[in-house]
Amino acid sequence: MSKISDLLVTNAENYISQLFAAKLPEKVIFHNFSHIMALQKHAETIGEHAGIPHDEMNLLRICALFQDSGFVNSVENYRDESIRLASEFLAEQGVDQEMINRVADILKPELPGVEPKDATGGLLTDANLMFFIADDGLEQLDMLYDESAMNKPGFVKRSVYEKGFLEFLEKHT
C-alpha cells in the first residue's frame with residue numbers, strides 16, 4: 001500500500017482550495033474552506049495527542065481535507081461526492097487502489113449506521129466534534145442549522161434540531 005506524502009497533502013490542500021473557490025454554492029455557509037482547514041487542524045491536534053506516526057497523520061490530513069468536499073456538488077449526497085472526489089484526486093496523483101479504498105473507508109462513517117473501521121477513522125470523527133466544544137461552538141451549531149435550513153426544504157424547527165443534536169452528543173461522549 002502506498003503512503004500519503006507531505007507533498008500529496010499540500011497538493012490536496014491546493015486542489016480543495018481551488019475547488020471550493022470555483023464551485024461551492026452560496027448557501028453552503030458552514031461546510032466551506034475555512035471549515036475544512038479548521039477540521040484538518042483539529043485532526044492534527046488529536047493525531048498528535050494520540051501519538052500516531054507521520055504516515056498515518058498524513059492519511060488523517062487527506063481525509064480531513066476531503067471529508068466535506070462533496071458539498072461543492074451536492075448537499076444531499078455530499079458524503080458520496082466527497083468519496084468520489086477523493087478517489088479521483090488520489091488516482092490522478094498515482095496513489096494505489098488499496099490506499100484509495102482506505103481513504104474511502106475512513107470517509108464513510110458519517111453515513112447513518114456506519115462506524116469507523118479503524119483508529120484513524122475514529123480520530124477524524126472526534127475532530128469533527130471539536131467544532132462544538134470550541135469557544136464559538138454555539139455559533140458553529142447555529143451556522144450548521146442555518147445552512148441545513150437554507151438547503152433542505154421543510155428542515156426541522158430549530159428546537160427539534162437542537163434537541164436532536166444534544167441526543168447525538170450524549171451518544172458520542
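Which residues of H2 are buried? In this predicted model, the buried residues of H2 are His35, Ile36, Leu39, Gln40, His42, Ala43, Glu44, Ile46 and Gly47. Helix H2 covers residues 33–50, which makes 18 residues. From its first C-alpha to its last, H2 reaches 25 Å, close to the 26 Å expected at 1.5 Å a residue. The buried residues of H2 pack against H1, H3 and helix H6, the last of these spanning 119–129.

A word on confidence comes next. The average pLDDT of the protein is 92, and 96% of the residues score at least 70. Among the elements, helix H1 (residues 6–23) has the highest mean pLDDT, at 98. The lowest mean, 84, belongs to helix H8 (residues 158–171).

The pairing of H1 with H3 can be taken in steps. Two packed helices are described by the angle between their axes and the distance between the axes. For H1 and H3, the axes come within 10 Å and cross at roughly 10°. Because angles under 35 degrees count as roughly parallel, H1 is roughly parallel to H3. On the H1 side, the residues that meet H3 are Asp6, Leu8, Val9, Ala12, Glu13, Tyr15 and Ile16. Their partners in H3 are His54, Asn58, Arg61, Ile62, Leu65 and Phe66. By character, the residues of this contact divide into eight nonpolar, two polar and three charged.

Ala12 gives a residue-level view of that contact. Ala12 lies in helix H1. Is Ala12 buried or exposed? Its relative accessible area is 0%, and since buried means under 20%, Ala12 counts as buried. Leaving aside neighbours within four places in sequence, Ala12 is in contact with Ile62, Leu65, Phe66 and Phe89. Ile62 is 50 residues from Ala12 in sequence, yet the two C-alpha atoms are 7.0 Å apart in space.

Phe89 leads to helix H4, where it is one of the buried residues. The others on that list are Tyr78, Arg79, Glu81, Ser82, Ile83, Leu85, Ala86 and Leu90. What covers the buried residues of H4 includes H1, helix H3 (54–66) and helix H5 (97–107). H4 itself runs over residues 78–92 and has 15 residues. Its reach from first C-alpha to last is 21 Å, close to the 21 Å expected at 1.5 Å a residue. After H4 comes Gly94, whose phi is positive, near 85°.

The loop between H4 and H5 also holds Asp96. With a relative accessible area of 26%, Asp96 is partly exposed. Not counting residues up to four places away in sequence, Asp96 touches Met1 and Ser2. Ser2 and Asp96 are 94 residues apart in sequence, and their C-alpha atoms are 6.0 Å apart in space.

Another loop residue is Ile29, found between H1 and H2. What is the relative accessibility of Ile29? The value is 27%, and Ile29 therefore counts as partly exposed, given that this class lies between 20% and 50%. Beyond residues up to four places away in sequence, Ile29 touches Met143, Asp146, Glu147 and Met150. Ser74 lies 45 residues from Ile29 in sequence, with 14 Å between the two C-alpha atoms.

Note on methods. Residues are numbered from 1 along each chain as its sequence is written. This is a predicted model: local features need pLDDT of at least 70, side-chain atom pairs count only at pLDDT 80 or more; totals for chains, interfaces and linings use all residues. Side-chain values use heavy atoms; hydrogens and water are left out. pLDDT is the predictor's confidence in each residue, from 0 to 100. Helices (H or I, at least four residues) and strands (E, at least two) are DSSP runs, numbered from the N terminus. The expected span of a helix is 1.5 Å times one less than its number of residues. Buried means under 20% relative accessible area, exposed over 50%, partly exposed in between (1.4 Å probe, protein chains only). Contact means heavy atoms within 4.5 Å. Axes are lines fitted to C-alpha atoms, for helices over the stretch in contact, and angles run from 0 to 180 degrees between N-to-C directions. Angles under 35 degrees count as roughly parallel, over 145 as roughly antiparallel, 65 to 115 as roughly perpendicular and the rest as oblique. Ala, Val, Leu, Ile, Met, Phe, Trp, Tyr, Cys and Pro count as nonpolar, Asp, Glu, Lys and Arg as charged, and the others, Gly among them, as polar.
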